[in-house]
Amino acid sequence: MSVALLGPIAAVVGADVGHTYSTLFLTSFGSPFGIGVLLIYSIPLVLVGLAVAVPYRAGLFNIGGDGQLLMGAFTAMVVGVSLPGLGAIPGGVLILLLAGAAAGAFFGAIAGALRAWRGVSEIVTTIMLNFVALFLVRYFVAGPLRDPGLTFNASPAVDPGLRIAKLAGNAGIPMSALVAILAAAVVAWWAYRTRSGWAHRMLGTAPSFARAKGVRVEVGYFLALVAGGALGGLAGATELVGNQYRIGFGFSPGWGIDAVAIALLARGNPLAVVPIAVFFAFLRNGGGALQSAVGIPGTVVTLLAAVPVLIVAAVTGWRTYRKFRGEGG
């Protein structure tokens with residue numbers, strides 16, 4: 001539906017509708033370079049989308065994806081720069097990914113502990129932790145950890161031996177896409193094939209029933225936010241070693257906000273997160289091309305992603321309202 005609305009918008013601004021659609025699709029699918037850029041945009045969205053979807057299945061809202069991502073990337077960068085010898089060790093990049101996941105999990109644990117044992121809303125704490133991460137990272141990359149060889153504020157780059165390669169060079173397919181695919185597969189297996197995954201889902205749909213079945217609800221809430229934080233940290237570390245290689249002030253363009261919409265559209269389904277994240281990346285990738293080739297502002301294309309979110313929110317709200325009326329009557 002979002003893409004269908006692009007035609008009338010193009011007609012209103014006087015652009016050729018056929019050229020508009022061809023530009024949008026060819027930008028992402030018309031060349032190996034376009035596909036590579038699409039995947040680069042998709043990888044952090046998939047991982048941060050999972051970071052929101054896992055707590056969402058337990059009835060929690062993790063709005064701290066950007067903070068967890070930044071801390072994951074920052075920690076991975078510090079480990080990589082401090083231990084350059086890791087580049088000579090086979091699989092050394094895995095240490096950076098695990099370090100990033102651990103940093104994100106720590107931030108998730110703070111929000112999780114406050115939610116589980118103090119009743120503090122995870123929405124408030126995860127938003128506040130976003131700012132903690134943002135200003136902490138900015139302090140270090142503009143001060144103690146700033147690369148003196150740069151004319152702008154950014155950290156040193158990680159060693160080439162600690163980077164995930166791209167097929168056919170820098171313009172090719174990012175191999176870091178395998179991290180996102182594997183993460184989605186593992187989360188889906190856990191969610192649908194394990195007893196703990198079933199118990200986790202019960203926290204979101206019927207917490208009283210879960211408690212009656214012996215599920216420790218407080219521990220479940222805590223672990224849900226820890227897992228979400230770990231996936232957010234993994235997103236940051238993967239972006240660092242697979243694409244940007246260093247951290248600057250604009251490391252994240254707001255992936256954490258997009259991730260909330262992605263998880264909402266996926267209804268917490270980890271497998272559905274993948275195509276929805278790719279769709280969001282498709283709109284981001286095509287927005288710039290439409291602005292230069294057709295004259296449609298790129299922000300218009302990005303805003304089209306809000307259409308399905310509003311529809312899902314409206315449908316969910318209507319169903320909740322009808323259920324409430326039915327129970328009230």
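This is a dialogue on how to read helices, burial and contacts in a predicted model.

Colleague: What should I know about the model before I start?

Modeller: It is predicted, so local features need pLDDT of at least 70 and side-chain atom pairs count only at pLDDT 80 or more, while totals for chains, interfaces and linings use all residues. Residues are numbered from 1 along each chain as its sequence is written, and side-chain values use heavy atoms, with hydrogens and water left out.

Colleague: How many helices and strands does the protein have?

Modeller: Helices are DSSP runs of H or I with at least four residues, strands are runs of E with at least two, and both are numbered from the N terminus. Here there are 14 helices and two strands.

Colleague: How do I read burial, and what share of the protein is buried?

Modeller: Use relative accessible area: buried is under 20%, exposed is over 50%, and partly exposed is in between (1.4 Å probe, protein chains only). Of the 329 residues in this protein, 49% are buried.

Colleague: And contacts?

Modeller: A contact means heavy atoms within 4.5 Å. Take the contacts with a separation of 6 or more: 74% of them join residues 24 or more positions apart.

Colleague: How do I judge the span of helix α10?

Modeller: Compare it with the expected span, which is 1.5 Å times one less than the number of residues. Helix α10 covers residues 217-244, 28 in number. From first C-alpha to last it reaches 39 Å, close to the expected 40 Å.

Colleague: Why is α10 called largely enclosed by the rest of the structure?

Modeller: Because 20 of its 28 residues are buried.

Colleague: What follows α10?

Modeller: Y245 does, in the loop between α10 and α11 (255-266). Its phi is near 70 degrees, a positive value in a residue other than glycine. At 16% relative accessibility, Y245 counts as buried.

Colleague: Which residue in the loop between α11 and α12 should I compare?

Modeller: Look at R267. It is not a glycine, yet its phi is positive, about 55 degrees. At 41% relative accessibility, R267 counts as partly exposed.

Colleague: How do I read a pair of helices, say α7 and α10?

Modeller: Fit axes to the C-alpha atoms over the stretch in contact, then take the angle between N-to-C directions, from 0 to 180 degrees. The axes of α7 (residues 177-193) and α10 come within 11 Å and cross at roughly 165 degrees. That makes the two helices roughly antiparallel (angles over 145 degrees).

Colleague: Which residues meet there?

Modeller: V179, A183 and V187 in α7 meet L231, L234 and T238 in α10. By class, this contact has five nonpolar, one polar and no charged residues. Nonpolar means Ala, Val, Leu, Ile, Met, Phe, Trp, Tyr, Cys and Pro; charged means Asp, Glu, Lys and Arg; the others, Gly among them, are polar.

Colleague: Is N285 in helix α12 buried or exposed?

Modeller: N285 is buried, with a relative accessible area of 10%. Its helix, α12, spans residues 270-293. Leaving aside neighbours within four places in sequence, N285 is in contact with T27, S28, G34, V37, L38 and Y41.

Colleague: What does V278 touch?

Modeller: V278 is also found in α12. Not counting residues up to four places away in sequence, V278 touches L38 and S42. V278 and L45 are 233 residues apart in sequence, but 7.8 Å apart in space, C-alpha to C-alpha. V278 is partly exposed, with a relative accessible area of 27%.

Notes:
Parallel < 35°, antiparallel > 145°, perpendicular 65-115°, else oblique.
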